[in-house]
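Colleague: I want the reason behind each label. Take me through them one by one.

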Amino acid sequence: MRRSLGRLTAAGVAVAIGTAFVAATLLAGDVMQRISYDSLTASYGTADVIADAGNGDALTEKTVEAVRGTPGVAAADPRIVVPYVSMSAGDRAISQTLVPVASDPAFDTQHVTAGALPTADGEIALPERAAERLGVGVGDTVTVSYYTWQPAGGAAAEGAATEGAEDATAAPTAEATAGTADETATDAATAAPGEDDGTYREVDADAEVVGLTTDPTAAWAQYGGAALATTADALLWAGWGEDGATPTLADAATSQLLVAVEPGADTATVIDAVEGVLTASGSTDPVVLTRDAAAERSLSGSDGTGPILVVVLAFAAVAMIVAGLVIANTFQVLVAQRTRTLALLRCVGAVRSQVRGSVLLEAGLLGLAASVAGTLLGTGLVQLALLVMQNADLPFPVPTVVRPTVASVVAPLAVGLVVTVLAALTPARVATRVAPVAALRPADAPAAGSRAGRFRLVVSLVLVVGGALMLGGGVALSSQFLVAAVGIAILGGAASFVGLLVGAVFWMPKVVAAIGRLVGRLGMPARLAAANTGRNPARTAATSTALLIGVTLVAMMSTGAVTARATLDDELDTRFPVDLAVSTPYAVDEDGTAVPEPLPAGTVGALADIPGVESVAALPRDTVELGGSGAVVDALGITPAQAADVLRDADLAGAVGDGTVVVPRSLASNSGIEDGDTLTVARSEGGDGAGSGGAGTVDLTVAVVPLDDWIVLVTPSALEALGSPGTESTAWLRVADVNASGEVVQQVQDLTADSALDITGAALERALYQRAIDTLLAVVVGLLAVAVVIALIGVTNTLSLSVIERRRESATLRALGLTRRQLRASMAVEGALIAGVGAVVGVALGMAYGWLGSAAVLAGIADLQLRVPWTDLGLVLGVALVAGVLASALPGRTAARTPPVAALAVD
């Protein structure tokens, strides 16, 4: 092994990279679990015990007081989280999470940087970032808006609401405000006949900012920080309680309780006592756990790291498979080169089992050493990643050091060792077939040929044909049974690809030989390179196949990504009338009617100035009733010129005109309206009161369009004919470049961050899926790059071993006049040929799998738009060819520097 150390280096590097991948994946999974654990426990403060009433039972003030009076309990607080509280100051408005001020320092999770914590109702402490967005500081006042239910004719309820507004300030709590304030107001204002009479009233309350806070443990980072107020204010601002009554803890429907244990008290005893109190209060299945046990229970099976680890470990498996091909090639050639040595060992009494054992022991030592190096490398990479993450502004706590586990150490070592030994089994079997008489033969050039059996051919054909049928079946069934079809397609694709790899020894040499004949026309070095690749077709095929695996998967993901983008773009254009719509929320007037608010002054101009926005149209909005269908919907007023400027769908833009009402297909189907009908449109009684006239009607011709929306389009003149010009509450934007939707959406969101404006439209969803696709593609390609790097190491290894095999041949050519430059050129062409064939075939297979996979996933959702990622595929081919040439540099240099006389002297 010491004599062959240089020849084993490449195989060792391949194993080290693969095991580093496995080690880093396992350690990263552990880090993700720790981050989830720390994020959850941070919101507990330093509570010793976490109690849960269980089965959805709500805590009451009486139960909390009973727990506080339990022996050994120092303090107890219900865990209340209010995720969306509407706050405003001047013309700025935000939604902010709010939590009550802790009754004991043990439950504190935030650090006061200015002022103090609230001590009375009507006071609030804001995160520094929230205060900055609102433009307020300590001593300023913010307005909190919340909704309260007022029964019809309930003067007392109205008085209660008013009193609540004067006494406190609003902030909704977790689960209290699942919908938006706009939805609540709209639903309340349009209660159906037969429901309890009444309506939701929006209440504004002033709160004094008494403190500014930071979140040093990232306890509330997932919410963007948390404001602090008294428990009474938190309950009131959440909108809990019925019929105007002051909300209680029971209305919050919270079941968690944080408990601090007195110093010296036995925690187990306190847990039993608290459980008894909860049971006595009516809880049917209380759960009382220590802080650590509660966090583990919450994270059990729900932290999301399991599926992530499975996916990443699948890519690690790909890397190890490629590494196995490189190792098998290495040991095949080493065994071939040691034919005389092995024969001499047989002559002096070595039996076959000893020869086999020597090869496997060598492989085991190589695998163990490389796996140790790989495990250390993977651990170092994860530690480096943690250092980078600590310097980034991330919304979660990051561990400072890696904590290796038994699994993260043993698993990479075991995988590296097993893969190396398994890859050496075939070469070891070949070694046992060396006859003792081979020691007496002349020293011919070693050969590492292999014969592919019929069994392999049958298995390959079964997998390819069966997998292709399953893949086709998955595509055909995708429109009826999407989930099942995708599963069948994935299994079929995997089976057919494995079949191609198993049978690569049959077809890959023919592909290499065919391309080699074409390359051979370029000159003497090219002909030598083509001839050399054909001398050992099995090894050349295995090397190209190793690269084929990574390139196929990269090309498949790139093709699938660009096809998904095009398909989803087309689908979004049919679902949304415009790229972006910026609109104001509904407000509730004094009669309890939901009405649109006008856009803030200057909004349209600011939107038009955003780079990447091609055009903006400000549209009036009102509420109308469609004929006898009874459907009450929003109507937007848009001129034909505005439609041509902002709408992407030319047919939709052409449908807008005087005397026409454009109705989305879903709305038309639901309301029994058909294209070409004459529809009487009336202004709803709840419509905007702007303008002079009363409610009127107008007859319009229906144009049904394929939109997924619940609004109708008319011209502004039609709105005026109804008795009101509407309220200019909506702006439609057209993006100059749909592929830059993400940048435009981000700028629009930044512009409207301190307001209550709503952003919808195709560009918003396009930006979301583009970001998701780009992120997924970057991660997957990055993971697959490991396999590609290992495969390129295999190319270098193959060429290096080829140089050793052909030392005498190279010397003879040099003696006959072949120059060093020509010899290096021959090696470069050979490397490019091996890598190029693997890359070209991989790109072709990747495109096919990418299209078929996209068809299986998307054909049942939208009209498939097949695309080719020319740039990505060209980059993959270019990198493969350049890497193949670079891989030949060291072997070519070694071959060229060997003097002809020295090479001819080899036995």
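Colleague: Where does Leu249 lie, and what makes that stretch a helix?

Modeller: Leu249 lies in helix 7. A helix here is a DSSP run of H or I with at least four residues, a strand is a run of E with at least two, and both are numbered from the N terminus. Helix 7 spans 249-252. Keep in mind that this is a predicted model, where local features need pLDDT of at least 70, side-chain atom pairs count only at pLDDT 80 or more, and totals for chains, interfaces and linings use all residues. Residues are numbered from 1 along each chain as its sequence is written, and side-chain values use heavy atoms, with hydrogens and water left out.

Colleague: Why does Leu249 count as buried?

Modeller: Its relative accessibility is 5%. Buried means under 20% relative accessible area, exposed means over 50%, and partly exposed is in between (1.4 Å probe, protein chains only). At 5%, Leu249 is therefore buried.

Colleague: Which residues does Leu249 touch?

Modeller: Contact means heavy atoms within 4.5 Å. Not counting residues up to four places away in sequence, Leu249 touches Leu59, Thr60, Glu61, Val64, Pro78, Ile80, Leu235 and Thr254. Glu61 is 188 residues away along the chain, yet the two C-alpha atoms are separated by 6.2 Å.

Colleague: What makes Ala253 unusual in its backbone?

Modeller: Its phi is positive, about 55°, although Ala253 is not a glycine. Most residues other than glycine have a negative phi. Ala253 sits in the loop between helix 7 and strand 10 (256-261).

Colleague: Is Ala253 buried, exposed or partly exposed, and how do you know?

Modeller: Partly exposed, because the relative accessible area of Ala253 is 44%. That value falls between the two cut-offs.

Colleague: What about Val270: why is it called buried?

Modeller: Val270 has a relative accessible area of 3%, so it is under the limit. Val270 belongs to helix 8 (residues 267-280). Beyond neighbours within four places in sequence, its contacts are Pro71, Gly72, Val73, Val261 and Ala265. Gly72 is 198 residues from Val270 in sequence and 5.9 Å from it in space, C-alpha to C-alpha.

Colleague: And why is Thr420 buried?

Modeller: Thr420 is at 0% relative accessibility, so the label buried follows. Its place is helix 13 (residues 406-423). Leaving aside neighbours within four places in sequence, Thr420 meets Val15, Ile327, Ala363, Leu366 and Gly367.

Colleague: Now Leu751. What label does it get, and why?

Modeller: Partly exposed, because its relative accessibility is 41%. Leu751 lies in helix 25 (residues 741-751). Outside four places in sequence, Leu751 is in contact with Ala606, Leu607 and Ile610. From Leu751 to Ala606 the C-alpha distance is 8.1 Å, across 145 residues of sequence.

Colleague: What makes the packing of helix 15 on helix 28 oblique?

Modeller: Helix 15 (residues 454-477) and helix 28 (residues 820-858) pack at about 40°, with axes 7 Å apart. Axes are lines fitted to C-alpha atoms, for helices over the stretch in contact, and angles run from 0 to 180 degrees between N-to-C directions. Under 35 degrees is roughly parallel, over 145 roughly antiparallel, 65 to 115 roughly perpendicular, and the rest oblique. That makes helix 15 oblique to helix 28. Leu471, Gly474 and Val475 of helix 15 meet Tyr849, Leu852, Ala855 and Ala856 of helix 28.

Colleague: How many residues of each class make that contact?

Modeller: The contact has 6 nonpolar, 1 polar and no charged residues. Ala, Val, Leu, Ile, Met, Phe, Trp, Tyr, Cys and Pro count as nonpolar, Asp, Glu, Lys and Arg as charged, and the others, Gly among them, as polar.

Colleague: What makes a space in the structure a cavity?

Modeller: On a 1 Å grid over the protein atoms alone, a cavity is a set of points where a 1.4 Å probe fits but cannot get out; lining residues have an atom within 4 Å of a point. Points join across faces, edges and corners, and the volume is the space filled by probe spheres set on them. The structure holds 3 cavities of 30 Å³ or more. The second largest has a volume of about 60 Å³.

Colleague: What lines that second largest cavity?

Modeller: Its lining includes Pro577, Val662, Val705, Asp709 and Trp732. Strand 17 (660-664) and strand 20 (711-714) each supply at least two lining residues. By class, the lining has 10 nonpolar, no polar and 1 charged residues.

Note on methods:
1 Å grid on protein atoms, 1.4 Å probe; cavity = no way out; pocket = protein on both sides within 12 Å on 5 of 7 lines; lining within 4 Å.
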